[in-house]
Amino acid sequence: MTMNDNFNPITIDEKICNGCGNCVFICGMGVIEMKDKPGSVSGKIASASKPEYCMTCETCVKGCKRKAITLNIYPDSFGI
Ligand code: SF4
Ligand code: SF4
């Protein structure tokens, strides 16, 4: 399988994310960062800004208490 430049291995549901920032700290690859979301409770929301660094480890999926993150691809898909 070839990774498309526009493909994002994770999806963050902006309607569920409360901007706690936990996923930014637990992702060891620096994939996720917080961006401003005016009008939300925290004023922030998580965004997968560097998807090319994602190792599909699923740590962020398991670490998000809101279950706002979905993994779109699994390591098996790479033939690993
Ligand atoms: S851990 Fe979940 S709720 Fe918190 S910022 Fe990340 S995606 Fe949003
Ligand atoms: S799956 Fe792993 S590498 Fe990818 S964003 Fe989540 S914690 Fe980071």
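**Figure 1. The largest nonpolar core of the protein, in a predicted model.** Twelve is the tally here: Ile10, Cys17, Cys23, Cys27, Val31, Ile32, Ala46, Cys54, Cys60, Cys64, Ala68 and Ile69 make up this core of 12 residues. For context, the protein has 80 residues, and 16% of them count as buried. Cys54, one of the core residues, is worth a look: setting aside neighbours within four places in sequence, Cys54 is in contact with Pro9, Ile10, Met29 and Val31.

**Figure 2. The fold as a whole.** Trace the chain and you get β-α-β-β-α-β, that is, 2 helices and 4 strands. Take the contacts with a separation of 6 or more: 54% of them come from residues 24 or more positions apart.

**Figure 3. The surroundings of ligand 1.** Here 13 residues surround the ligand, and Cys17, Cys20, Cys23, Ala46 and Cys64 are the closest. Sort the shell by character and you find 8 nonpolar residues, 4 polar ones and 1 charged. Some of these names should ring a bell, since Cys17, Cys23, Ala46 and Cys64 also turn up in the largest nonpolar core.

**Figure 4. The surroundings of ligand 2.** Ligand 2 has 13 residues around it, with Cys27, Val31, Cys54, Cys57 and Cys60 the closest. This shell splits into 10 nonpolar, 2 polar and 1 charged. Again there are familiar faces: Cys27, Val31, Cys54 and Cys60 belong to the largest nonpolar core.

**Figure 5. Arg66 and Lys67, in the loop between H2 and S4.** Helix H2 covers 59-63 and strand S4 covers 69-71, with Arg66 in the loop between them. Arg66 counts as partly exposed because 15 other C-beta atoms lie within 10 Å. Not counting residues up to four places away in sequence, Arg66 touches Ile16, Cys17 and Asn18. Look for Asp13 too: Arg66 and Asp13 are 53 residues apart in sequence, yet their C-alpha atoms are 9.8 Å apart in space. Lys67 sits in the H2 to S4 loop as well. Lys67 has just 11 C-beta neighbours inside 10 Å, so Lys67 counts as exposed. Check the backbone while you're there: Lys67 is not a glycine, but its phi is positive, at about 55°.

**Figure 6. Thr56, in the loop between S3 and H2.** Strand S3 spans 44-48, and Thr56 lies in the loop between that strand and H2. Phi of Thr56 is near 50°, a positive value in a residue other than glycine. Thr56 is partly exposed, because 17 other C-beta atoms lie within 10 Å.

Terms used
Residues are numbered from 1 along each chain as its sequence is written. Chains are lettered from A and ligands numbered from 1 in the order in which they are written. This is a predicted model: local features need pLDDT of at least 70, side-chain atom pairs count only at pLDDT 80 or more; totals for chains, interfaces and linings use all residues. A residue is near a molecule or strand if its C-beta atom, placed from the backbone, lies within 6 Å of it. Ala, Val, Leu, Ile, Met, Phe, Trp, Tyr, Cys and Pro count as nonpolar, Asp, Glu, Lys and Arg as charged, and the others, Gly among them, as polar. A residue is buried if 20 or more other C-beta atoms lie within 10 Å of its own, exposed if 12 or fewer, and partly exposed in between; C-beta atoms are placed from the backbone. Two residues are in contact if their C-beta atoms, placed from the backbone, lie within 7 Å. A nonpolar core is a set of buried Ala, Val, Leu, Ile, Met, Phe, Trp, Tyr and Cys residues joined through C-beta atoms within 7 Å.
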